[in-house]
Amino acid sequence: QELRRDLALREYAAVVVDEAHERSLNTDVLLGLLSRAAPLRRRLSESDASVAPLKVIIMSASPLDDVVENERLWARTGPPATLAVPGRQHKVQIHFA
């Protein structure tokens with residue numbers, strides 16, 4: 001709804017998409033719109049110092065190579081930077097069954 005009202009998302013400094021590996025039509029549409037909103041905000045920030053570039057953070061428990069390497073999605077900005085954080089597993093103790 002916010003993107004329909006203001007594609008540049010001027011009221012927000014950052015957008016976090018969590019659990020992006022759980023793909024749905026809504027997630028794909030949101031990523032597509034954000035891939036257009038981020039360059040728009042960058043252009044706005046170059047002409048108006050009161051507008052900061054939009055930060056888009058996409059979090060996923062598994063690699064999203066199809067999203068990151070999609071040339072059509074990121075044609076205006078180039079592929080986004082990625083950061084991989086290794087996961088850890090901890091032993092689980094069952095006290096009551």
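**Pocket lining, salt bridges and surface features**

Sorted by side-chain class, the lining of the largest pocket comes out as 20 nonpolar, 6 polar and 3 charged residues. The structure here is a predicted model, and this pocket is a handy place to start. Its volume is about 840 Å³. Of the 29 lining residues, Ile58, Val68, Ala81, Thr82 and Leu83 sit closest to the pocket centre. As for secondary structure, helix H2, strand S2 (55-58) and helix H3 (65-68) each put at least two residues into the lining.

Turning to charge pairs, the model holds 5 salt bridges. One of them joins the side chains of Arg5 and Glu2, with an N to O distance of 2.7 Å. Both partners belong to helix H1 (residues 2-5), where a spacing of 3 residues puts them about one turn of the helix apart. Arg5 is the exposed partner, at 53% relative accessible area, while Glu2, at 33%, counts as partly exposed. The pair doesn't stand alone, either: Glu2 and Arg5 are linked with Glu11 in a network of salt bridges.

Arg23 turns up in two of the contacts. With Asp28, Arg23 forms a salt bridge whose closest N and O atoms are 2.8 Å apart. Asp28 has a relative accessible area of 32% and is partly exposed; Arg23, at 36%, falls in the partly exposed class too. With Asp66, Arg23 forms another salt bridge, and here the closest N and O atoms are 2.6 Å apart. Asp66 lies in helix H3, whereas Arg23 lies in the loop between strand S1 (14-17) and H2, so this pair ties together parts of the chain that are 43 residues apart in sequence. Asp66 itself is partly exposed, with 46% relative accessible area.

Helix H2 also shows up on the nonpolar side of the story. On the surface, Leu7, Leu25, Val29 and Leu33 make up a nonpolar patch, and together they offer about 350 Å² of accessible area. Leu25 belongs to helix H2, which covers residues 25-47. With a relative accessible area of 66%, Leu25 is over the 50% cut-off and therefore counts as exposed. Thr27 is in helix H2 as well, but this residue is buried, since its relative accessible area of 14% is under the 20% limit. Thr27 and Val17 are separated by 10 residues in sequence, and their C-alpha atoms are 8.3 Å apart in space.

Backbone torsions add a couple of oddities for anyone scanning a Ramachandran plot. Leu9 has a positive phi, near 50 degrees, despite being a residue other than glycine. Leu9 is found in the loop between H1 and S1 and is buried, at 6% relative accessible area. Glu19 isn't a glycine either, yet its phi is positive at about 60 degrees. The place of Glu19 is the loop between S1 and H2, and with 38% relative accessible area Glu19 is partly exposed.

Terms used
Residues numbered from 1 in each chain as written. Predicted model: local features only at pLDDT ≥ 70, side-chain atom pairs only at ≥ 80, totals over all residues. Heavy atoms only, no water. Patch = residues over 30% accessible without salt bridge, like charges linked within 9 Å, V, L, I, M, F, W, Y side chains within 5 Å. Areas by Shrake-Rupley, 256 points an atom, 1.4 Å probe, with all protein chains shown as cover. Salt bridge = Lys/Arg side-chain N within 4 Å of Asp/Glu carboxyl O. Helix = DSSP H or I, 4+ residues; strand = E, 2+ residues; numbered from the N terminus. Buried < 20%, exposed > 50% of the residue type's maximum accessible area, 1.4 Å probe, protein only. 1 Å grid on protein atoms, 1.4 Å probe; cavity = no way out; pocket = protein on both sides within 12 Å on 5 of 7 lines; lining within 4 Å. Points joined across faces, edges and corners; volume = space filled by probe spheres on them. Nonpolar A, V, L, I, M, F, W, Y, C, P; charged D, E, K, R; others polar.
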